[in-house]
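Me: I would like a close look at one disulfide and the strands around it. Which residues make the link, where do they sit, and what else is worth setting beside it?

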Amino acid sequence: MHTRYTAISTLSADPPETRVTLLPPRTQLFTGDSVTLICDVGNYSTGWRYSWYKDSTQSPALHGGDTAGTRYTVHSAALSHSGQYWCRVGREDASFHLNYSQPVSLQVTERPQAELTLVRGWTQMYASESFTLNCRVHGSYSEWSYQWHKKGEDGPVFQLSSSALDGANYTVASAEVPDSGEYSCRGERTSPPYYSNQSSGVALRVSENLPILTLTQQPSDRMIFEGDTVTLECVPGDDSTGWQFYWYKDSLNHTMDEISSSSVTGNQYNIKSADFSHSWRYWCRAERGEKPILNFSQPSVLEVHERPQAVLTFGHDWTALYTGEAAELRCTVPGEYPMHSFQWYKDGNPCPVHESSQNIYTLQSAQRSDSGNYSCQGTSTDNPSYSKISSRVGLKVLVAQPGTVLSLQPLHGEILEGDRVTLSCVVEDMGIHSSAWLYYWYKDSLDNTVHQSSNSSRSGATYTISSAALTHTGRYWCRAGRGEPAFHLNHSRAVRIQVSELFTKPVLWVRPGNSVIEGDSVTLHCDSQLNSKAQDTKLQYHYTEERGDWKTVTSKETLMIPIIRLNHTGQYQCEVEVLQKSIRRSSNWTKVTVGELFLGVHITAQPSETVWEGETLTLHCAAQLKNSAHKLQYRYMREGRVVKSSWEDTYTIKVRQGDEGKYHCEAEAAGKGIYSTSNDVEITVTERPKPAVTQEPAWERLYFGESVTLRCGLSADFPRLEYLWFKDSLGSPVTNTSDRSVDGNILRISSVLRSHRGQYRCLVQRGQPPQSTHPSDPFLLNVSDEPPRVRLSLSPEWTVLFPKESVTLRCGLTGDSSAGQYNWYRAAEGKATEPVQCQKTNGDNCSVTFKDKSHNGLYWCEAQPEGERSASVHIRVVDHKVILQTPPLPLTEGDNVTLVCRDKSTSSSFYKDNKKLLSDPTQNILRISPVRKDAEGMYRCQHSLDSEEVQISVRDLFSRVTLLVSPGGSVQEGEPVNLTCDAETSGYVRPLVLYSFFRDGELLSERSGSALYSIDALNQTLTGSYSCAAETPHGFQKNSTGIAITLQVSWLLIAGAAGSGVLFFGMLALCLMWFCRRGQYSDKQPDEVIIYAQIDMNKKKNKIQSAERDSPYSLAQDTDTQRNAVVYSNVVYNKDTQQNDCSYATVTFPKASRPTDKTNELYSLVELKEKIRVAGQRHAAGASSPVEHLYEEI
């Protein structure tokens, strides 16, 4: 393609010239004009692309115009369009460009602006008024014609009959309502610029109705007084321009003229200084141009009030002052007119001598020059703003001051306490204003003013002491003064008064002392001595307690209080009085402290607060005395009523319904009337409760090694309770063992074994002697003999975890390799069972992230839909840097144990009971294989930090080893005896067991695989204490307890030794034989029945009865000796493959009834020859009860 252009260029002439032309052909434009620039390349007009540039060939004209082919158009020119323009032509593919055109310049000038003014008329007009608008265009352009426009109309304003266009003016001779609107104009001419910009609008409003005149008065919110300024304003609606106003008073016939005290300004009529002549009614009227004329306004009434006149008075009753005396000039304005400032004038001078916001003008120290005639005036920020000036008042100031003389009556003789004394003070002022003087009295110094008291008084110029006292002794002066502040004359000369004492100050004595105990006798003694010159004077004694609660008057010096009480504690004083002269003299206060006889009274209840119906409630009233010599009487009260009065400090009742309420007691000292009340105790009576046993978790069956918690709960809370636990019967209390702990109402089994299976009960006791609840219903703790079919495994096999570690729980059925459906659960102590939040992995495996200790608990899974569960695993989270990982605890002898110390370091050390164990320091694993009892202890491991300590306990491999003897412990000579060693293990896996048998500690048979040891014929040499031992090849062993095997005594010896007892044991034998025969039943009878005998020694008759399994005992009654004893007759079944016989009976006597001669200890053996089939399990003989302790087994 480029080659072709080269060929054409070779054949062509010179490139065409590019030119720019204007349409219209003007370079001078005004804002708003349009112009088109055309790019011309002559006859070569096809195949080109056109580009435009402004102000520079490097600046494309991108804004302000539209490009279309060869044209660039500016539709509305602005000042920014001024400048030079170029065009350039090039091929569409930009492969070739012609030269730039020559530049074309555009000059854009601001378009002239039209201005519209209202030259005649007003913007607010009324019908028939005229107006003229003038339009002009500023600038150097001439020969304008004008167009008139009104907002909202499309075309120019048309010529109407009432309007005229006169060049630049638009006139409306008689306006109407439609002439209202906003007017504008524009100038036009035949040469550029052809038109101007539109003018701003002028808004005119033509109203049909004339406005109503309103006449207002200012001020309008207050009274008008003489001299006030008043403004009347005439308002023609909303339009106040162009109007001429006329004013009328008293009548509409004559207008008012301006006078010296008034003026007219626009629509206002101003009264500069109002007087009474301005009072009456006013109107106004308005005109504008030739028309319209507005009618009269409504009248406004002006009332001018008389201005109040100030009154000047003196603040004292005298108008003549002495030099230095204070004068008070008080200015008041009558009426309820508040004044905010006052001015005082002297001798008619117009300038005030004083001005103040207070209405009092005080001359602090008057001088002779202050004499003169005074007047005052008040001013205010309210109405009226000022008062009239007061009348003048004269004031005279004197220079010389009068003297003062003090005299005493009586003039001569000794003055005693109680005498009457009069002092007189005289001012020598020649009687001028003598009544205005006040007199001041001084004693001992001119600074000590004498005041009026109960035995002295002041009256005018006299000071009278009606009953002289010692305190009146001293020198006295008087002084006269008047006014406020007071003006004082000089002091008089001093006069001395000497008063003699009549009797001495009393002293109060307390016997036996100042600290006594309530109930004691106290004597008060008031000691005072009379003056020797007044021995005939009678004295009276007053005994007073400081608070005024107690007061006694007597003529004796002593006063006895026979029984002093607590409220007598206080300050005591005695006062001696001479009645004739009203002279009293008091002792110092003496404190008498009366201690409480009772240090305290406290009532206690046992039991406290809530009492069970039928319980014994004991109330104890404890009183502590400071003086133990007093005998006490007690009152016991319920709800404020006395239920018992007694000399005893305890009160016991058998509680029943109706005894509830608030109790308190009172202890009273006999004969003294002094008592003290205890605190309240509130007693609530409820029915005797019955606890309930619950299991956590609530599984139907348990598996070996699991932990379980039993709780004993009451429906209500009671304080200070003691919980007793029993298994299988109330005679079998549950005690603490290595794997079982009792903590209050909680029984915990850390690792369940077969021996833990059974019925559990609890009993709640409290108080001394103990008071018991009803026993709970039996609760079956079911321990499975078989391991669970559902297996739970952990990956990794860790049960102690760091926070946020994850463990995968896997479940499967024994013997079933197919994948099943499982649910996972968790139970924390004291909380309900809840589903585990799983993240399913690899099918139905459950991955759990243990965030913190809140995830601790027992975990297990259940197969669906049967709900059969796995054994549980206890998993806990430890917030430590180092963890000692152990297998589930407790361990069993023979287990292989691996302890793992988990941390990020590569080496660790292990400690047992704070002793370092030998281990490989490069490993974090400690293996103990097999574990033994001596491995028990506190374990921890150490990396850089220590782990927490873990208590590792090891249980016996054999949970129980029992030696069974058949036919029993008492055997006839020559009879064969079979010994069976029964060993029960702690787990589901039974190891190989070897048995050994012993007699009196000597080995009979060692480590045999048989659990049976037989004696063909028993004789005396073979009797003794037999035992057995179970042992595994690893050496884990457990021994049974010993059982005594003896020869049986013959029946003849029994008859000869027992005498009449033969009958009794014969009956017992018959009873047992009958019982054993009753034990025969078919295979269809699955329930086992326990039989016991009740033997009445008096009636010589046996009764065989049946009982529950937890009550395998009977009561033997001996009415002759009035003794009741618990006698057990336990039937023990021995079931094996060789015989099913009711083997023996054990008879237990209470100690109190046992024979003292050992030769009289009687035994009976009942042997059944026929086979008895027994359902159920073996029961141990010799069961005992924790309640009774009066018996022992023979």
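**A disulfide and its surroundings**

Reply: Cys 526 and Cys 574 are joined by a disulfide, with 2.1 Å between their sulfur atoms; a disulfide here is a pair of cysteine sulfur atoms within 2.5 Å. The link is right-handed, with 70° about the S-S bond. Because Cys 526 lies in strand S47 (residues 522-527) and Cys 574 in strand S51 (residues 570-578), the pair ties together parts that are 48 residues apart in sequence. Strands (E, at least two residues) are DSSP runs, numbered from the N terminus. This is a predicted model, in which local features need pLDDT of at least 70 and side-chain atom pairs count only at pLDDT 80 or more, while totals for chains, interfaces and linings use all residues. Residues are numbered from 1 along each chain as its sequence is written, and side-chain values use heavy atoms, with hydrogens and water left out.

How accessible is the pair? Cys 526 has 0% relative accessibility and so counts as buried, and Cys 574, at 0%, is buried too. Buried means under 20% relative accessible area, against over 50% for exposed and partly exposed in between (1.4 Å probe, protein chains only).

Strand S51, which holds Cys 574, is joined to S48 by 6 bridges, and the two run antiparallel. Two strands pair if DSSP finds at least two bridges between them. In this pairing, Gln 540 has Glu 577 of S51 as its bridge partner. S48 itself covers residues 540-545 and is mostly covered, with 5 of its 6 residues buried. S48 also runs antiparallel to strand S49 (residues 551-554), with 4 bridges joining them. One partnership there sets Tyr 543 against Thr 552 in S49. S48 and S49 form a hairpin with 5 residues between them, and Gly 548 in the turn has a positive phi of about 85°.

For comparison, a search of the whole structure finds 12 disulfides. Among them is the link of Cys 39 to Cys 87, with an S to S distance of 2.1 Å and a right-handed turn of 65° about the S-S bond. Cys 39 lies in strand S3 (residues 35-40) and Cys 87 in strand S7 (residues 83-91), so this pair ties together parts that are 48 residues apart in sequence. Cys 39 is buried at a relative accessible area of 2%, and Cys 87 is buried at 0%.

Cys 234 and Cys 284 form a disulfide as well, their sulfur atoms 2.0 Å apart. The torsion about their S-S bond is about 70°, so this disulfide is right-handed. The pair links distant parts of the chain, with Cys 234 in strand S19 (residues 230-236) and Cys 284 in strand S23 (residues 280-287), 50 residues apart. Cys 234 and Cys 284 are each buried.

Further along the chain, Arg 635 is found in strand S57 (residues 632-638). Arg 635 is buried, with a relative accessible area of 16%. Its side chain makes a polar contact of 2.7 Å with the side chain of Glu 668. A polar contact is a pair of N or O atoms within 3.5 Å; within protein, one must be able to donate a hydrogen and the other to accept it, and residues adjacent in sequence count only if both atoms are side-chain atoms. Leaving out residues up to four places away in sequence, Arg 635 touches residues including Val 642, His 664, Cys 665 and Tyr 675, where contact means heavy atoms within 4.5 Å.
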